[in-house]
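Please read the sequence alongside the three-dimensional view below. The paragraphs that follow lead from the overall arrangement to individual residues.

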Amino acid sequence: MNGSTLHDRPPSSTSWRVALPHSAAAVPVARALVRSALADVEHAADSDTAELLTAELVANAVEHTPGDTPIELVVDLHPSGCQVEVHDPDPAPPGHLTRPLVEEPDPWQEHGRGLLLIRALSSSCGHRPTASGKAVWFRLAVVPAQRRPHQ
């Protein structure tokens, strides 16, 4: 191929899967895993957004599922983008992730904006039942690299 490439993409799909503790300690571990996964293959999805949305999914799973069953984080990197899934043991669908909001979250409350962020910042999101509960996921598309002047 002649000329420069606009963005680097991983040549094929790559996946990471890890069990996380059912505690707040899972959030920074999940963020670090996503950051490392995207950096290891020099993936062109937005790492900051991926970390933020992963933290929201993991925090929701810890807060809204009872018990101490581990939560599973799955990171799939594809040439077109990445998909992050969080598996938890509760089969109930997550709030307003895929349904229109009935009312806006109160800006003065500490909680209530996580799913809104996921809906707003991901290219797509959703949930699906699993054999042991549910998986909540989001996708981010590859972001073209900025053209830089030659030095």
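**A guided reading of the fold**

His87 will serve as one of the landmarks in this account, and His87 lies in strand β3, which spans residues 81-88. The model under discussion is a predicted one. Before the individual residues are considered, the general layout should be set out.

The protein chain contains 3 helices and 5 strands. Read from the N terminus, these elements follow one another as β-α-α-β-β-α-β-β. Of the 151 residues in the protein chain, 37% are buried. Among contacts between residues at least 6 apart in sequence, 68% connect residues at least 24 apart.

The 5 strands form an open sheet in the order β1-β2-β3-β5-β4, and the pairing is antiparallel. At the edges stand β1 (14-20) and β4 (124-130), each of which pairs on one side only. On average, neighbouring strands of the sheet are turned by 15° against each other, direction ignored. As general background, strands of a sheet pair through backbone hydrogen bonds, in either a parallel or an antiparallel manner.

Strand β5 repays closer inspection. On one side, β5 pairs with β3 in the antiparallel sense over 8 bridges. Within this pairing, Asp88 has Lys134 of β5 as its bridge partner, and Val84 stands opposite Phe138 in β5. Helix α2 packs on the sheet, where it touches β1, β2, β3 and β5, and its direction makes about 170° with that of β5. Strand β5 also pairs with β4, again in the antiparallel sense, over 7 bridges. There, Arg128 has Ala135 of β5 as its bridge partner. A hairpin of 2 residues joins β4 to β5. Strand β5 is mostly covered, with 7 of its 9 residues buried.

The interior may be considered next. In soluble globular proteins, nonpolar side chains tend to be buried together. In this model the largest nonpolar core has 29 residues, and Val58, Leu73, Val75 and Phe138 are those with the most contacts inside it. The elements that give two or more residues to this core are α1 (26-40), α2 (47-64), β2 (71-78), β3, α3 (114-121) and β5 (133-141). Leu73 shows how such contacts are distributed: leaving out residues up to four places away in sequence, Leu73 touches Trp16, Arg17, Val18, Leu20, Ala30, Leu33, Val34, Thr54, Val84, Glu85 and Val86.

Are Cys82 and Cys125 buried or exposed? Cys82 has a relative accessible area of 3% and is therefore buried. Cys125, at 18% relative accessibility, also counts as buried, because the cut-off for this class is under 20%. A search of the whole structure finds 0 disulfides.

With the sheet described, His87 can be placed in its surroundings. His87 counts as buried because its relative accessibility is 12%. Its side chain makes a polar contact of 2.7 Å with the side chain of Glu85. Leaving aside neighbours within four places in sequence, His87 is in contact with Ile71, Glu72, Val74, Arg128, Thr130, Lys134 and Ala135. Two of these names, Arg128 and Ala135, have already appeared as bridge partners.

A second polar residue of interest is Thr65, found in the loop between α2 and β2. Thr65 has a relative accessibility of 5% and so counts as buried. Which side chain does the side chain of Thr65 meet in a polar contact? The partner is the side chain of His22, at 2.7 Å. The side chain of Thr65 also reaches the backbone oxygen of Ala61 at 2.4 Å. Beyond residues up to four places away in sequence, Thr65 touches His22, Asn60, Asp88, Pro89, Asp90 and Lys134. Of these, Asp88 and Lys134 form a bridge pair, as noted above.

The account closes at the edge of the sheet. Thr14 is found in strand β1, an edge strand. With a relative accessible area of 25%, Thr14 is partly exposed, since it falls outside the buried class, which requires under 20%, and does not reach the exposed class, which requires over 50%. Leaving aside its neighbours within four places in sequence, Thr14 is in contact with Val75, Asp76 and Leu77. Thr14 and His78 are separated by 64 residues in sequence, yet their C-alpha atoms are 6.8 Å apart in space.

Terms used. Residues numbered from 1 in each chain as written. Predicted model: local features only at pLDDT ≥ 70, side-chain atom pairs only at ≥ 80, totals over all residues. Heavy atoms only, no water. Helix = DSSP H or I, 4+ residues; strand = E, 2+ residues; numbered from the N terminus. Buried < 20%, exposed > 50% of the residue type's maximum accessible area, 1.4 Å probe, protein only. Polar contact = N/O pair within 3.5 Å; in protein donor to acceptor, adjacent residues only side chain to side chain. Contact = heavy atoms within 4.5 Å. Disulfide = S-S within 2.5 Å. Core = buried A, V, L, I, M, F, W, Y, C linked by side-chain atoms within 4.5 Å. Pairing = 2+ DSSP bridges. Axes fitted to C-alpha atoms, helices over the stretch in contact; angles between N-to-C directions.
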